[in-house]
Amino acid sequence: MQFYLDEPTARTSWRLAILTGVNTRTYKFALGSALLEVGQTGREVVPLRELASRYAAHLVNRAEPTHQAPPGTVGERDFLAILGQERNASIASGEPTDRLVDAAVRSIPTMVMQKFHNLRVTGAVAHTFYALSGDGTNRSVRLSPELRNIATDPGVLADELAARWAIVEASFAASIGRGLVQGGVDIDGELSTLVTPVRRVAVTSIRGAIAGFQHGRCFYCGQPMEDLSTEVQVDHVFPFIWMNTGSWRGPNLNHVWNLVLACAPCNLAKSDRRPTTAEVERLVRRNDVIASSPHPLRRTIEITMDATGARAAQHRRRFMLDVVNHVSDRR
């Protein structure tokens, strides 16, 4: 993928696994959170049971176990069914129950650990972050140097993971159902939060949702973002102020396809100038990556850029060219 070739590092492999891997359940987000935790300990090998306990704890702390999978897909013997049965006791004791950890130990080697590194279309990511060894009750997990390195200095990876988890979780929520999956997400008036398109229910922060798709770097200067504080600003590549002139006849500029993260100095310096050709191309490539992620961000791009089907990439590029032409015509 071009996204990986732009920055062929272990961080990019991690982002591909988290942001573009298949989301039939939210298990990989719990595993990713647990991996970042154990990676911070500096150990090369950890017992599988310890990893499974941390994995289960992250799922216990989610708002609703039933929102971790599509509605109607959880069977009586499913791990999520056991999670629902053991959640209250786990919360009361401050740690997952033995029964829940036992279930995690049994299930995660084949349920999520075999699939974590796999992508939807392009196969496995270039870097692996762990390997299982041993058998029975003595199984252990060997953490790769790449995982220990990114876990020691995760930057915004944890925020990206949390945001992606919230987006997928919201799409599974029974109260929202298929509406979010089919309708994508929208932007709140403060330009800070992704919301559901009809009920305007907050899903997650815009910063966390899109940071990983630009390698956790400022869109303009390319410097890494150490965190997603207010010093990291959400910017319209094609200035939103153009929509207030009365002569704008192009698409809605206040949407995901046109939003990027920028450091405060770059955002201030750019102001409302027209984007350069290089910046437009960078935005095209960023949107291509979002379009490769599972619903609902992908669906958001499909709807707002009118780009679906086998020729979606060409449609996205044509959409951007039309915007550029519209800007040229009105100036």
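## Close-up views of a predicted model

**View A. Ser271 lies in the loop between helix H11 (264-270) and H12.** Ser271 counts as partly exposed, at 47% relative accessibility. Buried means under 20% relative accessible area, exposed means over 50%, and partly exposed falls in between (1.4 Å probe, protein chains only). Helices (H or I, at least four residues) and strands (E, at least two) are DSSP runs, numbered from the N terminus. Phi of Ser271 is positive, near 55°, and the residue is not a glycine. Most residues other than glycine have a negative phi.

The model is predicted: local features need pLDDT of at least 70, side-chain atom pairs count only at pLDDT 80 or more, and totals for chains, interfaces and linings use all residues. Residues are numbered from 1 along each chain as its sequence is written, and side-chain values use heavy atoms, leaving out hydrogens and water.

**View B. The whole protein chain comes with 14 helices and eight strands.** Its C-alpha atoms fill a box of roughly 70 × 40 × 40 Å along the principal axes. The radius of gyration is 21 Å, which agrees with the value near 20 Å for a compact globule of 331 residues. That radius is taken over C-alpha atoms, and the globule rule is 2.2 Å times the number of residues to the power 0.38. Buried residues make up 53% of the 331 residues.

**View C. The largest nonpolar core has 98 residues.** Such a core is a set of buried Ala, Val, Leu, Ile, Met, Phe, Trp, Tyr and Cys residues joined through side-chain atoms within 4.5 Å. Trp14, Tyr55, Leu194, Phe238 and Trp257 touch the most other members. Helix H3 (residues 27-39) gives the largest share of this core, eight residues. In soluble globular proteins, nonpolar side chains tend to be buried together.

**View D. Trp257 has many partners beyond its neighbours within four places in sequence, among them Phe238, Pro251 and Asn252.** Contact means heavy atoms within 4.5 Å. Leu283, Arg286 and Asn287 are also in contact with Trp257. So are Ile301, Thr304 and Met305. Phe319, Met320 and Val323 complete the list.

**View E. Helix H2 (residues 10-20) is largely enclosed by the rest of the structure, because ten of its eleven residues are buried.** Trp14, Leu16 and Ile18 are among the buried residues. Arg15 is buried too. The buried residues of H2 pack against helices H1 (2-6), H3, H7 (145-152), H8 (157-172) and H12 (277-291).

**View F. Ala202 is found in strand E6 (residues 202-205).** Ala202 is exposed, with a relative accessible area of 56%. Not counting residues up to four places away in sequence, Ala202 touches Thr193, Leu194 and Val195. Ala166 is 36 residues from Ala202 in sequence and 9.8 Å away in space, C-alpha to C-alpha.

**View G. Arg282 lies in helix H12.** Arg282 is partly exposed, at a relative accessible area of 33%. Leaving aside residues up to four places away in sequence, Arg282 touches Phe219 and Tyr220. Gln40 and Arg282 are 242 residues apart in sequence and 33 Å apart in space, C-alpha to C-alpha.

**View H. His215 is found in the loop between helix H10 (206-211) and strand E7 (232-236).** His215 counts as buried, at 11% relative accessibility. Its phi is positive, about 60°, although His215 is not a glycine.

**View I. Asp306 comes just after helix H13 and takes a positive phi of about 50°.** H13 spans residues 297-304. Its buried residues are Leu297, Arg298, Thr300, Ile301 and Glu302.
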